[in-house]
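User: Let's go through this model label by label. For each one I want the value, the cut-off and the conclusion.

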Amino acid sequence: MHWINATAIFIMIGSGWKIYNDDILFSFLRFPDAIVIGKWAQYGLQWHFFGMWIFVLNGIAYLCYGIVSGRFWQKLFPISPREVFVTVGEALRFRLRHDDLTHYNAVQKALYLGVMAVGVLIVISGLALWKPVQFSELANLFGSFQNIRLVHFLCMTAIVAFIVVHVTLALLVPQSLLAMLTGGPPIDNARDAAPSAAAPIVPEIKPIPEIPTVPNIETSH
């Protein structure tokens, strides 16, 4: 799912930049033709819709799996602001450690939760941009068509920033690069699972130490 999602996001970002260049939102910003996908805006739209369906279908499968399997609760919670600040400080001092790749640090938890929320928002705003009449209820949430474009653009910017941070953290922890390619080490769910209430807990029985006997001493009369 990770690399399917990465491919879809790459297609959507590159084609989205081509669509943006056809109707720019900020006068000072225009993306070079060398980094966009699609020779013309129409081709950019076709690539964008192609990546969109991959992103949406893969995202739905990922969310369903994470919720049903309990993976989200296990790997992304609990999380505290203090833990996030401490981990950020360690990363800025290049002292970030990640010995156990099956457990996310606080920054990873915050980033993954945040990018999932952004992913949902970018899909909603994208649907409102694509079919503002058919999805009028979604379009009304943003107030105006220009606001929809702005929200969609900001969501794209947040995803690009996430990718930059994600790759940077991976470079700071080199052993995670191989895990990104292979899927990582297996997660031992039994290690983190709580003991079943139905299973009786048998206390350990310690053997009674042997008491040495006092030898009989013969006495002469």
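User: Which residue follows α2, and what is the sign of its phi?

Analyst: G70 follows α2, and its phi is positive, near 80°. Most residues other than glycine have a negative phi. A note on the source: this is a predicted model, where local features need pLDDT of at least 70 and side-chain atom pairs need 80 or more, while totals for chains, interfaces and linings use all residues. Residues are numbered from 1 along each chain as its sequence is written, and side-chain values use heavy atoms, with hydrogens and water left out.

User: What makes a stretch count as a helix, and how many does the chain have?

Analyst: A helix is a DSSP run of H or I with at least four residues; a strand is a run of E with at least two; numbering starts at the N terminus. By that rule the chain has nine helices and zero strands. Its elements run α-α-α-α-α-α-α-α-α from the N terminus on.

User: How do you know how the span of α2 compares with the expected one?

Analyst: The expected span is 1.5 Å times one less than the number of residues. Helix α2, residues 41-69, has 29 residues. From first C-alpha to last it reaches 41 Å, close to the expected 42 Å. For α5 the count is 25 residues, and its reach of 36 Å is close to the 36 Å expected.

User: Why is C155 called buried, and what about C64?

Analyst: Buried means under 20% relative accessible area, exposed means over 50%, and partly exposed is in between (1.4 Å probe, protein chains only). C155 has 4%, so it counts as buried. C64 has 43%, so it counts as partly exposed. Of the 221 residues of the chain, 29% count as buried.

User: How many disulfides are there, and what would make one?

Analyst: The cut-off is a pair of cysteine sulfur atoms within 2.5 Å. The structure holds zero disulfides, so no pair of cysteine sulfurs meets that definition.

User: Which residues of α2 are buried, and what covers them?

Analyst: A41, G44, H48, G51, M52, F55, N58 and G66 are buried in α2. Their cover includes α1 (2-22), α3 (71-76), α5 (106-130) and α7 (145-172). In an α-helix, 3.6 residues make a turn, so residues three or four places apart point the same way.

User: What covers the buried residues of α5?

Analyst: That cover includes α2, α3, α4 (81-92), α6 (136-140) and α7. Among the buried residues of α5 are A106, Y112, M116, G119 and I122.

User: What makes the pair R149 and D23 a salt bridge?

Analyst: The rule asks for a side-chain nitrogen of Lys or Arg within 4 Å of a carboxyl oxygen of Asp or Glu. R149 and D23 meet at 3.5 Å, N to O, so the pair passes the 4 Å limit. The structure holds one salt bridge. R149 lies in helix α7 and D23 in the loop between α1 and α2, so the pair ties together parts that are 126 residues apart in sequence.

User: Are the two partners buried or exposed?

Analyst: R149 has a relative accessible area of 14%, so it is buried. D23 has 46%, so it is partly exposed. A contact means heavy atoms within 4.5 Å. R149 touches D23, I24, L25 and L129, not counting residues up to four places away in sequence.

User: Why is V68 called exposed, and which patch does it help make?

Analyst: V68 has 75% relative accessibility, so it counts as exposed. Patch residues have over 30% relative accessible area and no salt bridge; nonpolar side chains (Val, Leu, Ile, Met, Phe, Trp, Tyr) are joined within 5 Å, and like charges within 9 Å. M1, Y62, L63, Y65, I67, V68 and V120 make a nonpolar surface patch of about 690 Å². Helix α2 gives the most to it, with five residues. The areas come from the Shrake-Rupley method with a 1.4 Å probe; for residues, only the protein chains shown count as cover.

User: Where is the cis peptide bond, and how do you know?

Analyst: Omega is near -5° for the bond from F77 to P78, which is cis. P78 lies in the loop between α3 and α4. Most peptide bonds are trans.
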